[in-house]
Amino acid sequence: IVTLGVQTQGPDIAEAVSENNRRADQVRAAIREAGVADEDVQTSNFSVWTQQQYDEFGNLTGELTYWVDNTLLIKLRELDRLGDLLQAALGRGANTVQGISYSVEDPTAALDAARVEALEDAHAQAAQMAADAGVVLGEVISIGEPGAYSGGLMEAPAFGKGGGGSGVPTSPGVLEYEIQVAVSYAIQ
């Protein structure tokens, strides 16, 4: 998921918005040309705000600067195209990049595997504690995922691997999923 946009400013609100619209249209065209489907591009923010102007002595001048921000959320399904997408968007008028985050389309298999591993670990720990206490581990009484967290954890940093090439260098790293389980066992 790439979050980027166009920010413009000027003393006239109509001109600032018009310039922002022109550049945002160019950025959208670059995104489309990079092969991103329209349904994978979403406007996440459009805002206009004012900033008071001050003279060299810190006194208000009565003049305003209008700031216009148009931010897009882009779902890129082909990671090897990320650098080129960023380069194209920046080359066509994007001047803000708020972030890049990585995810998988369907984390079900990874979460299922993490859950199995968590349950095996819980059983091993309970068996060890039971043995250390001189009791026998019985049947499961309750099981759950308290405060379950299934978000991706970056294992590698998301920064470039050197320069060169036509696109912005990026590194997706590795996504890991974490599941916590709470299991209560009967003891004998």
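## Exercises: a surface patch, salt bridges and empty space

Ile13, Phe46 and Val48 make up a nonpolar surface patch whose accessible area is about 250 Å² together. This is a predicted model, where local features need pLDDT of at least 70, side-chain atom pairs count only at pLDDT 80 or more, and totals for chains, interfaces and linings use all residues. Residues are numbered from 1 along each chain as its sequence is written, and side-chain values use heavy atoms, with hydrogens and water left out.

**Exercise 1. Place Ile13 in the fold and state whether Ile13 is buried, partly exposed or exposed.**

Step 1: Recall the rules. Patch members have over 30% relative accessible area and no salt bridge; nonpolar side chains (Val, Leu, Ile, Met, Phe, Trp, Tyr) are joined within 5 Å, like charges within 9 Å. Areas come from the Shrake-Rupley method with a 1.4 Å probe, and for residues only the protein chains shown count as cover.

Step 2: Find the element. Ile13 belongs to helix 1, where helices (H or I, at least four residues) and strands (E, at least two) are DSSP runs numbered from the N terminus. The protein has three helices and eight strands, in the order β-α-β-β-α-β-α-β-β-β-β.

Step 3: Classify. Buried means under 20% relative accessible area, exposed over 50%, and partly exposed in between (1.4 Å probe, protein chains only). Ile13, at 40%, is therefore partly exposed. Of the 188 residues of the protein, 27% count as buried.

**Exercise 2. Trace the salt-bridge network that holds Asp40, Arg77 and Glu105.**

Step 1: Set the criterion. A salt bridge is a side-chain nitrogen of Lys or Arg within 4 Å of a carboxyl oxygen of Asp or Glu. The whole structure has nine of them.

Step 2: Take the first pair. Arg77 bridges to Asp40, with the closest N and O atoms 2.8 Å apart. Arg77 sits in the loop between strand 3 and helix 2 (82-91) and Asp40 in the loop between helix 1 and strand 2 (41-54), so the pair ties together parts that are 37 residues apart in sequence.

Step 3: Take the second pair. Arg77 also meets Glu105 in a salt bridge (2.7 Å, N to O). Glu105 is in the loop between strand 4 (96-100) and helix 3 (108-133), and the pair links distant parts of the chain, 28 residues apart.

Step 4: Add exposure. Asp40 is buried at 11%, Arg77 is partly exposed at 48% and Glu105 is exposed at 62%.

**Exercise 3. Describe the largest cavity and the largest pocket by volume and lining class.**

Step 1: Define the spaces. On a 1 Å grid over the protein atoms alone, a cavity is a set of points where a 1.4 Å probe fits but cannot get out; a pocket is an open set with protein on both sides within 12 Å along at least five of seven lines, and lining residues have an atom within 4 Å of a point.

Step 2: Handle the cavity. There is one cavity of 30 Å³ or more, and the largest has a volume of about 30 Å³. Its lining has five nonpolar, two polar and one charged residues, Arg28 being among the lining residues.

Step 3: Handle the pocket. The largest pocket has a volume of about 290 Å³. It is lined by 17 residues, with Ile1, Leu76, Leu79, Ser103 and Val104 nearest its centre. By class, eleven are nonpolar, three polar and three charged; here Ala, Val, Leu, Ile, Met, Phe, Trp, Tyr, Cys and Pro count as nonpolar, Asp, Glu, Lys and Arg as charged, and the others, Gly among them, as polar.

Terms used. Grid points are joined across faces, edges and corners, and a volume is the space filled by probe spheres set on the points.
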